[in-house]
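Here are a few exercises to work through with the sequence and the model side by side. Try each task on your own before reading its solution.

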Amino acid sequence: MEENINISIIVPALNEEKNIASAVRNISTALSGRNDYEILIFNDGSTDQTGEIADALASSSSRIRVIHHALPQNLGGCFREGVAMARGEYAVMLPGDDETDSRTIKNLFKALGSAEIVTTYTVNKKIRSWSRRFISAIYTNFLNFLFGLNLRYFNGPSLIKTDLLKKAPIASNFAYMSAILVRLIKAGYHYKEIEMIIKPPQRQSRALKLKNVYYVLLTILDLFTDIYLRHKIL
């Protein structure tokens, strides 16, 4: 492994035996010609062959490391651990379900260094169900209203300077990236939004389960309390 690591890519995977190889392949292709990156695959408590496939990928490249979780730590938990392990100047999480189109991944890495935060917003929204789009719109507008922002999306892959991520609390639930973006932008760090194209979902999102919605609301409440009552952004 080269010592000069500029980009750390965190790839969480829970029962993604059908997708993890193509997800990692697309990431590697987008980084073709570079030798300054690492890929951290988190086998997040999978009960299928995800872990074995991830290990095989790691055995074929010194740039890939695999971390196995006995029990799921969720997206935020994987991201928090990945940030702590990251050796790159920038870090990003790309899902192991291979949802993100390869063109978006290439554009994301092309934007490296153009801002302290490069975040994404979905342009082919109709590929998702109307209920998912409706709830996403409410969520985005609510966060923008609550915190005085104007982001197009809060949950897309975001390429962020690692030292900034290490300053921000990282929730273990689905609101982890929303909270990070709010904190960093409110703290005055510069951001850039780029278009994101997604592939058809392989399964129904777990984000809308009642338990997950509860923890998302708790995270937003804590974020509101920190910023407006405790006057603590980071």
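The exercises below concern a predicted model, and each task is followed by a worked solution.

**Exercise 1. Two helices in contact**

Task: Find the angle at which helix H3 (residues 74–85) and helix H7 (residues 176–186) pack, and classify the arrangement.

Solution: Start with the axes, which lie 9 Å apart and make an angle of about 55°. Next, compare that angle with the cut-offs: under 35 degrees would be roughly parallel, and 65 to 115 roughly perpendicular. The angle falls in neither range, so H3 is oblique to H7. Now look at who makes the contact: H3 contributes Leu75, Gly76 and Phe79, while H7 contributes Tyr176, Met177 and Ile180. Finally, sort these residues by character: five are nonpolar, one is polar and none is charged.

**Exercise 2. The length and surroundings of H3**

Task: Check whether the span of H3 agrees with its number of residues, then work out which of its residues are buried and what covers them.

Solution: H3 has 12 residues, and at 1.5 Å a residue they should span 16 Å. The end C-alpha atoms of H3 are 17 Å apart, which agrees. For burial, pick out Gly76, Gly77, Cys78, Phe79, Gly82 and Val83, which are buried in H3. Then look around them: the cover includes strands S1 (7–13), S2 (37–44), S3 (64–69) and S4 (90–93), together with helices H6 (162–165) and H7.

**Exercise 3. A glutamate in a loop**

Task: Locate Glu16, decide whether it is buried or exposed, and find a polar partner for its side chain.

Solution: Glu16 sits in the loop that runs between strand S1 and helix H1 (20–30). Its relative accessibility is 5%, so Glu16 counts as buried, the cut-off being under 20%. The side chain of Glu16 makes a polar contact of 2.8 Å with the side chain of Asn19.

**Exercise 4. Two residues to compare with the cut-offs**

Task: Place Ala56 and Thr47 in the fold and assign each an exposure class.

Solution: Take Ala56, which belongs to helix H2 (residues 50–59). Its relative accessible area of 45% makes Ala56 partly exposed. Along the chain, Ala56 and Val66 are 10 residues apart, and their C-alpha atoms are separated by 9.7 Å.

Turn now to Thr47, in the loop between S2 and H2. With 71% relative accessibility, Thr47 counts as exposed, because the cut-off is over 50%. Its C-alpha atom is 9.7 Å from that of Leu71, a residue 24 positions away along the chain.

Technical notes. Residues are numbered from 1 along each chain as its sequence is written. This is a predicted model: local features need pLDDT of at least 70, side-chain atom pairs count only at pLDDT 80 or more; totals for chains, interfaces and linings use all residues. Side-chain values use heavy atoms; hydrogens and water are left out. Helices (H or I, at least four residues) and strands (E, at least two) are DSSP runs, numbered from the N terminus. Buried means under 20% relative accessible area, exposed over 50%, partly exposed in between (1.4 Å probe, protein chains only). A polar contact is a pair of N or O atoms within 3.5 Å; within protein, one must be able to donate a hydrogen and the other to accept it, and residues adjacent in sequence count only if both atoms are side-chain atoms. Axes are lines fitted to C-alpha atoms, for helices over the stretch in contact, and angles run from 0 to 180 degrees between N-to-C directions. Angles under 35 degrees count as roughly parallel, over 145 as roughly antiparallel, 65 to 115 as roughly perpendicular and the rest as oblique. Contact means heavy atoms within 4.5 Å. Ala, Val, Leu, Ile, Met, Phe, Trp, Tyr, Cys and Pro count as nonpolar, Asp, Glu, Lys and Arg as charged, and the others, Gly among them, as polar. The expected span of a helix is 1.5 Å times one less than its number of residues.
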